[in-house]
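Subject: Structure handover

Hello,

Please find the structure below, followed by notes on what turned up in it. It would help to keep the 3D view open while reading.

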Amino acid sequence: MDIEQLNIKYGIAGQLKFVKGSGGFPFILISNDSATALISVYAAQVLSFKPVEENEDLLFLSPKSYYDEGKAIRGGIPVCWPWFGSDPVDLKRPNHGFVRNGLWTVSGTEASIDLDTKVILRFPDTAKSESCWQQAFALELEISVGNTLTLELITRNTGDQKFSITQAFHTYVHVGDINQVQVLGLEDTEYLDKLDNSTQKRQIGAVTVLAEIDRIYTDVQNELIIDDSAFNRRIRIASTSNKTAVVWNPWAKSSAVMPDLEQNDYQHFICVEAGNIVTDVVDIPPGSQYSLLTNFKILRD
């Protein structure tokens, strides 16, 4: 992608510009009266979001992230689609689907007011994607940057047969100290414990992280809160069109073998992921579409 041409066609004076980012990928820099944000066109991945009154970023991004085509960027908000987790039919396709490992295209930008800037990215239905998935589709991600951050992933079935998907926003939330974090809104909710052969269990009280955690919560509420006392803030995650959510942190032992994480990075993020996962499969008939929307807001007393 030609950075100059992108700026001519889609740049917004004083708010949005395209730059050559890490790995040579085109990045989008947004700076409006409400917030700043950084978005990679590769993977359609929000890497940073910081309201103007905040000192800390909402999102965690590993300083050791890979920026190579075919590899996922560790941090921000990766898009998992059209499956979450390992290949559902064991064809050795990429974990969490193929759209987080490929270059998207820019299909639009918009500044509704000085406080809100929108970017629309589209994943091309190309031969590369067809080699991983045989369905005819159109996939767009709308990203709105203002006082809050909103992502809407829209899947359209452009073929003549129904297909099914699972999906998620694999959000890495930046926290001050993982030992002081609580996730609220999952009390008394059933979950599958992936560290215990996906045994079904029930959440008692708020979610805390004192060791490795990897859980898929089912029949979740549409609003979750991350209480980050070290940064003296709470983060509200409000979503629509999903019944499941993931809470994940690799802790010391697992993160030590991840080459794209620093030794102590696990202490400074928690993944709380809204999506349609495992039990929450989405069927999309021909000519129909499905939208997964999530909004992130930093709350202060």
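In which sense do strand β1 and strand β2 pair, and over how many bridges? The pairing is antiparallel and runs over five bridges, with β1 covering residues 16-20 and β2 covering residues 26-31. Please bear in mind that this is a predicted model.

**Strands β1 to β3**

To find the pairing of β1 and β2 in the viewer, start from V19, whose bridge partner in β2 is F27. The hairpin of these two strands has five residues between them. In that hairpin, G23 takes a positive phi near 70°.

Strand β2 also pairs with strand β3, residues 35-40. These two strands run antiparallel as well, joined by five bridges. Here I30 has A37 in β3 as its bridge partner. The hairpin that joins β2 to β3 does so through three residues. When you look at any of these strands, it may help to know that side chains in a regular strand alternate between the two faces of the sheet.

**Salt bridges**

Side chains of opposite charge can pair when their charged atoms come close. How many salt bridges does the structure hold? The count is 10. Three pairs and one network are described here.

The first pair to look at is R300 and E54, which form a salt bridge with their closest N and O atoms 2.7 Å apart. R300 lies in the segment after β23 (289-299), while E54 is in the loop between β4 (45-51) and β5 (79-80), so the pair ties together parts that are 246 residues apart in sequence. The two residues fall into separate burial classes. R300 counts as partly exposed because its relative accessibility is 43%, whereas E54 counts as buried because its relative accessibility is 5%.

Next come E142 and K118, whose side chains meet in a salt bridge at 3.7 Å, N to O. This pair links distant parts of the chain, with E142 in strand β8 (residues 137-145) and K118 in strand β7 (residues 116-123), 24 residues apart. Are these residues buried or partly exposed? E142 is buried, at a relative accessible area of 18%. K118, at 24% relative accessibility, counts as partly exposed. The cut-off matters for this pair, because buried means under 20% relative accessible area.

R202 and E190 form another salt bridge, and their closest N and O atoms are 2.6 Å apart. R202 belongs to strand β15 (residues 199-202) and E190 to strand β14 (residues 190-193), so the pair ties together parts that are 12 residues apart in sequence. R202 is partly exposed, with a relative accessible area of 43%. E190 is partly exposed too, with a relative accessible area of 22%.

Finally, R122, E140 and R156 are linked in a network of salt bridges.

**Pockets**

Which residues lie nearest the centre of the largest pocket? They are R74, N95, H96, H170 and W248, out of 26 residues that line this pocket. About 600 Å³ of space lies in the largest pocket. Two strands, β17 (213-218) and β20 (244-249), each supply at least two residues of its lining. By class, the lining has 12 nonpolar, seven polar and seven charged residues.

The second largest pocket has a volume of about 210 Å³. It is lined by 13 residues, and P82, W83, P88, R93 and S164 lie nearest its centre. The lining of this second pocket has eight nonpolar, four polar and one charged residues.

**Cysteines**

How many disulfides are there? The count comes to zero. C132 is in no disulfide, and the nearest cysteine sulfur, that of C80, is 15 Å away. C132 counts as buried because its relative accessibility is 17%. C271 is in no disulfide either. For C271 the nearest cysteine sulfur is again that of C80, 9.5 Å away. A disulfide needs a pair of cysteine sulfur atoms within 2.5 Å, so neither distance qualifies. C271 counts as buried, at 0% relative accessibility.

Regards

Technical notes:
Residues are numbered from 1 along each chain as its sequence is written. This is a predicted model: local features need pLDDT of at least 70, side-chain atom pairs count only at pLDDT 80 or more; totals for chains, interfaces and linings use all residues. Side-chain values use heavy atoms; hydrogens and water are left out. Two strands pair if DSSP finds at least two bridges between them. Helices (H or I, at least four residues) and strands (E, at least two) are DSSP runs, numbered from the N terminus. A salt bridge is a side-chain nitrogen of Lys or Arg within 4 Å of a carboxyl oxygen of Asp or Glu. Buried means under 20% relative accessible area, exposed over 50%, partly exposed in between (1.4 Å probe, protein chains only). On a 1 Å grid over the protein atoms alone, a cavity is a set of points where a 1.4 Å probe fits but cannot get out, and a pocket is an open set with protein on both sides within 12 Å along at least five of seven lines; lining residues have an atom within 4 Å of a point. Grid points are joined across faces, edges and corners, and a volume is the space filled by probe spheres set on the points. Ala, Val, Leu, Ile, Met, Phe, Trp, Tyr, Cys and Pro count as nonpolar, Asp, Glu, Lys and Arg as charged, and the others, Gly among them, as polar.
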